[in-house]
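Let's take a walk through this one together, starting with the overall picture and then stopping at a few residues along the way. Keep the viewer open as you read.

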Amino acid sequence: MTDRKRTTAIQVRVTEQEKWQMERQAKRCGLSLSGYLRRVGAGKTAAVFPSQRFRDLYQQVNGLRENLMAQPMERTAAQLDDLAGQLLTAYTSGGVDDGDN
């Protein structure tokens with residue numbers, strides 16, 4: 001990373017709600033608010049990290065796949081049904097983990 005100094009400030013007035021939304025989005029992207037605004041302001045994308053909830057579900061799917069032949073099909077079907085329900089809940093909640101992402 002280059003060692004450059006940022007010496008120019010830009011002041012923008014926003015509502016408390018707007019600030020909260022930007023801070024939350026920055027956190028979801030793994031960036032500081034300044035870093036997030038610089039990135040978005042430069043026309044670059046700021047990718048949202050998948051929530052811990054989705055990472056955990058992904059690991060469950062992989063675990064189920066690895067044990068597919070080691071258990072009865074009925075148990076696998078029940079686990080798939082449970083995972084499908086969890087994924088639907090995570091998806092419809094926007095993948096947000098109680099604000100902790």
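**A guided look around**

The protein exposes about 8400 Å², and carbon and sulfur atoms supply 54% of that area. Keep in mind that what you're looking at is a predicted model. Of the 101 residues in the protein, buried ones make up 15%.

The fold is quick to describe: there are four helices and zero strands. Read from the N terminus, the elements run α-α-α-α. As for how the chain meets itself, take the contacts between residues at least 6 apart in sequence: 45% of them join residues at least 24 apart.

Let's begin with the segment before α1 (16–28), which is where you'll find Val 14. Val 14 is partly exposed, with a relative accessible area of 37%. Together with Ile 10 and Val 12, Val 14 makes a nonpolar surface patch of about 320 Å². Why can Val 14 be part of such a patch? Patch members need over 30% relative accessible area, and Val 14 qualifies because its value is 37%.

Now step into helix α1. How many salt bridges does a search of the whole structure find? Just one turns up, and it pairs Glu 23 with Lys 19, the closest N and O atoms being 3.8 Å apart. That distance counts because the cut-off for a salt bridge is 4 Å. In general, side chains of opposite charge can pair when their charged atoms come close. Here the spacing along the helix is worth a look: Glu 23 and Lys 19 are four residues apart in α1, so about one helical turn separates them. Both partners are partly exposed, Glu 23 at 34% relative accessibility and Lys 19 at 37%.

Stay in helix α1 and move along to Ala 26. Is Ala 26 buried or exposed? Ala 26 is buried, with a relative accessible area of 1%. Setting aside neighbours within four places in sequence, you'll see Ala 26 in contact with Leu 31, Ser 32, Leu 33 and Tyr 36. The last of these, Tyr 36, is 10 residues from Ala 26 along the chain, and their C-alpha atoms are separated by 5.3 Å.

That brings us to helix α2, which covers residues 33–41 and holds Arg 38. Its sequence neighbour for our purposes is Arg 39, which lies in helix α2 too. Which residues gather with these two in a patch of positive charge on the surface? Arg 4, Arg 6 and Lys 44 join Arg 38 and Arg 39 there. Arg 38 is partly exposed, with a relative accessible area of 40%, while Arg 39 counts as partly exposed at 34%. Both can belong to the patch on accessibility grounds because each has over 30%. Arg 39 also has some company: leaving out neighbours within four places in sequence, Arg 39 is in contact with Leu 31, Lys 44, Thr 45 and Ala 46. Notice that Leu 31 is also among the contacts of Ala 26, and that Lys 44 is a member of the positive patch.

Finally, swing over to helix α4, residues 73–92, and pick out Thr 76. At 2% relative accessibility, Thr 76 counts as buried. What does Thr 76 contact, once neighbours within four places in sequence are left aside? The partners are Leu 64, Leu 68 and Gln 71.

Further along, Gln 86 also has its place in helix α4. Where Thr 76 is buried, Gln 86 is partly exposed, with a relative accessible area of 27%. Not counting residues up to four places away in sequence, Gln 86 touches Leu 57 and Gln 60. Try checking the first pair in your viewer: Gln 86 and Leu 57 are 29 residues apart in sequence, and 7.8 Å apart in space from C-alpha to C-alpha.

Terms used: Residues numbered from 1 in each chain as written. Predicted model: local features only at pLDDT ≥ 70, side-chain atom pairs only at ≥ 80, totals over all residues. Heavy atoms only, no water. Patch = residues over 30% accessible without salt bridge, like charges linked within 9 Å, V, L, I, M, F, W, Y side chains within 5 Å. Areas by Shrake-Rupley, 256 points an atom, 1.4 Å probe, with all protein chains shown as cover. Salt bridge = Lys/Arg side-chain N within 4 Å of Asp/Glu carboxyl O. Lys, Arg positive; Asp, Glu negative; His and termini not counted. Charge placed at Lys NZ, Arg CZ, Asp CG, Glu CD. Helix = DSSP H or I, 4+ residues; strand = E, 2+ residues; numbered from the N terminus. Buried < 20%, exposed > 50% of the residue type's maximum accessible area, 1.4 Å probe, protein only. Contact = heavy atoms within 4.5 Å.
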